[in-house]
Amino acid sequence: MLVKEALDKYGKTPDKLIGAMLAYQKSTLCNYLTEEDIKEFAKETKIPESRIYSIASFYSLLSMKERGKYIVMVCYDVPCYINGSVNVVNELEKILEIKMGQTTTDKLFTIEYSSCLGCCDKAPALQIGATLYGNLTPEKISSILSTYRGKKDE
Amino acid sequence: MSNIEITKNILTARFDAINPDSIDEYISHNGYSALKKSLLKTGEEIINDIKTSNLRGRGGAAFPTGIKMEAVLKAYGSPKYIICNADEGEPGNFKDRYLMEKDPHQIIEGIIICAYATDIKHGYIFIRGEYINAINIMRKALEQARVKGYLGDNILDSGYSFDIEIYTGAGSYVCGEEFALLVTIEGKPGRSTYKPPFPTTSGLYNKPTQINNVETFCNIPHIINMGGEEFSKIGTSSSTGTKLISLSGNIISPGLYEVELGTSIRDIINKLGNGIPNNRKIKMVQIGGASGPIIPENMLDIKLDTKEMKKLDLCFGSGAIIVMDDRIDVLDILKRITEFFHHESCGKCTPCREGLTQMLILLDRFTDGIATTNDLALLEILMETMNQASICGLGQAAPIATQKVLEYFREEFTNKICSTDS
Ligand SMILES: Cc1cc2nc3c(=O)[nH]c(=O)nc-3n(C[C@H](O)[C@H](O)[C@H](O)COP(=O)(O)O)c2cc1C
Ligand code: SF4
Ligand code: FES
């Protein structure tokens with residue numbers, strides 16, 4: 001998708017901007033917005049570049065850092081925290097051989113901390129794309145990751 | 001089941017009984033009947049009914065909904081807007097996600113009735129960006145409602161026209177705060193502003209705007225169907241109706257429960273949550289979410305009642321109950337909560353932005369074993385400043401958990417003081 005296509009689909013007015021930025025980011029392979037993208041959004045919408053930049057840096061679902069195809073969002077708020085989200089992070093770091101915030105070398109996964117995912121009744125929880133995974137155990141985590149690895153060649 | 005006597009299923013009555021993707025199933029379970037009744041009434045009549053019901057907002061601040069609607073109705077300016085706040089980001093809460101995923105039309109019906117009563121033509125449902133399933137379900141439900149003529153031009157031949165748009169957030173807790181939410185829809189970073197004026201007079205694009213929580217809107221069709229008078233008999237005199245409780249933490253049966261207001265926290269934990277696992281004891285409970293108070297085990301008999309809780313300077317907020325057992329380190333939890341607010345602060349005002357940074361530094365001094373009596377005094381003054389001087393509810397409420405711990409578990413701090421300097 002091009003920046004222009006996202007804006008054509010969502011609209012060019014300020015109230016449609018964040019939606020268009022999210023949709024465009026999702027269509028990029030590495031889940032982030034480059035400086036050129038920001039300039040392009042500014043040019044197409046006639047909204048100042050500084051404002052586009054401030055939006056991209058303010059919201060946690062938008063990123064200006066290259067990321068993986070799948071963002072593993074690990075909840076770290078109190079209900080998950082007291083149910084072992086520390087273990088979830090350790091397990092992910094071990095299996096993926098990266099640290100929190102980093103991306104695997106095959107550009108498939110990025111692990112990030114997340115605020116409460118609204119799944120505290122199944123703590124600890126994580127989310128990838130639209131899917132929530134709760135009551136996590138080490139076995140469950142490794143099987144979740146392998147399903148996404150399997151999708152690699154889709 | 002043993003919990004039957006304390007659950008009261010009104011908002012959750014259709015959960016799992018209907019397919020949320022089917023408007024016909026909603027209709028066959030009495031759905032949209034309240035809208036049909038409402039279209040035969042005047043706006044004033046509907047608002048009076050809601051005032052009689054004594055319904056208070058379920059988004060945290062417990063503001064009377066009827067009074068808010070009346071203010072919007074009387075406010076000058078057009079167009080007016082109505083917004084359903086589905087940004088649910090308060091840690092420990094998941095009720096709005098369930099309401100959207102399991103009975104989306106109940107919310108839509110509530111919004112349409114309110115919009116009709118205040119003569120509003122355009123509405124938004126602001127859903128947090130992480131809730132992708134809920135967003136898809138709500139989109140589909142809106143489309144179905146349009147096809148059936150409950151939304152759009154000339155709704156059910158009443159001459160009244162109204163439609164709802166979905167706005168999705170992009171990951172920011174503070175955007176649930178009403179002014180931050182409004183500027184987000186206007187396409188800016190979500191930073192709050194001073195009040196007054198309130199959104200009821202100057203909201204979206206500076207026009208009068210009604211903003212309510214998902215659960216608040218869900219109550220509206222029931223109020224219309226049973227009448228405000230009947231509704232007001234549920235619960236207590238100061239807190240009418242039911243409340244959805246998001247129960248989590250160290251608890252055997254975590255989950256979403258609907259209880260009559262006036263139920264005690266202990267009953268919820270023991271009868272619905274089935275108590276604490278591994279034969280541990282409860283150390284403390286956080287009520288409402290990260291911005292809510294932390295109370296000790298011996299206060300759990302307190303009832304979900306605005307007036308009773310207010311006497312102790314407590315509130316039940318949006319209804320999260322987070323149970324923590326006696327293994328939990330209080331200061332570790334306070335640091336986690338403070339880090340959350342530090343991350344989510346929009347950075348606009350100094351008491352919140354700098355206050356949270358300083359709070360973390362001070363809390364570290366206690367856990368590192370280098371705190372002095374001065375540090376404790378400084379922490380208390382700092383938190384008081386944040387309560388008083390922060391622009392929005394985020395900074396004002398961020399210290400509450402720590403302040404309540406200092407009130408009820410002071411020794412957790414004083415035990416860690418290593419010297420009494422001057
Ligand atoms: C930092 C902050 C976050 C908030 N988040 C939400 C939220 O996610 N959902 C919500 O309904 N209200 C939230 N509120 C409360 C809203 O500002 C507002 O009071 C509420 O939506 C009004 O609806 P009600 O009267 O139906 O409760 C938040 C408030 C603050 C200060
Ligand atoms: S209190 Fe915090 S979140 Fe609210 S306006 Fe000030 S800095 Fe922003
Ligand atoms: S705290 Fe983890 S999902 Fe709510």
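User: Looking at chain A, what percentage of the contacts between residues at least 6 apart in sequence join residues at least 24 apart?
Analyst: That comes to 59% in chain A. Keep in mind that this is a predicted model.

User: OK, and how many helices and strands does chain A have?
Analyst: Chain A has seven helices and four strands. Going along the sequence, the order is α-α-α-α-β-α-α-β-β-β-α.

User: How much of chain A counts as buried?
Analyst: Chain A has 154 residues, and 55% of them are buried. About 7200 Å² of chain A is exposed, with carbon and sulfur atoms supplying 52% of that.

User: Switching to the interface. How many residues does each chain bring to the contact?
Analyst: Chain B puts in 49 residues and chain A puts in 34. On the chain B side, Glu130(B), Ala170(B) and Arg336(B) lose the most area to chain A, together 19% of what that side buries.

User: And what's the total area buried between the two chains?
Analyst: About 3100 Å², and carbon and sulfur atoms give 58% of it.

User: How many salt bridges are there between chain B and chain A?
Analyst: Two. One of them pairs Asp77(A) with Arg336(B), where the closest N and O atoms sit 3.4 Å apart. There are also 19 residue pairs in polar contact across the interface.

User: Which element gives the largest share of chain B's side?
Analyst: H13(B) does, with six residues.

User: What kinds of residues make up that side?
Analyst: By class, chain B's side has 22 nonpolar, 16 polar and 11 charged residues.

Methods
Residues numbered from 1 in each chain as written. Chains lettered and ligands numbered in written order. Predicted model: local features only at pLDDT ≥ 70, side-chain atom pairs only at ≥ 80, totals over all residues. Heavy atoms only, no water. Contact = heavy atoms within 4.5 Å. Buried area = accessible area lost by both parts, 1.4 Å probe. Salt bridge = Lys/Arg side-chain N within 4 Å of Asp/Glu carboxyl O. Polar contact = N/O pair within 3.5 Å; in protein donor to acceptor, adjacent residues only side chain to side chain. Helix = DSSP H or I, 4+ residues; strand = E, 2+ residues; numbered from the N terminus. Nonpolar A, V, L, I, M, F, W, Y, C, P; charged D, E, K, R; others polar. Buried < 20%, exposed > 50% of the residue type's maximum accessible area, 1.4 Å probe, protein only. Areas by Shrake-Rupley, 256 points an atom, 1.4 Å probe, with all protein chains shown as cover.
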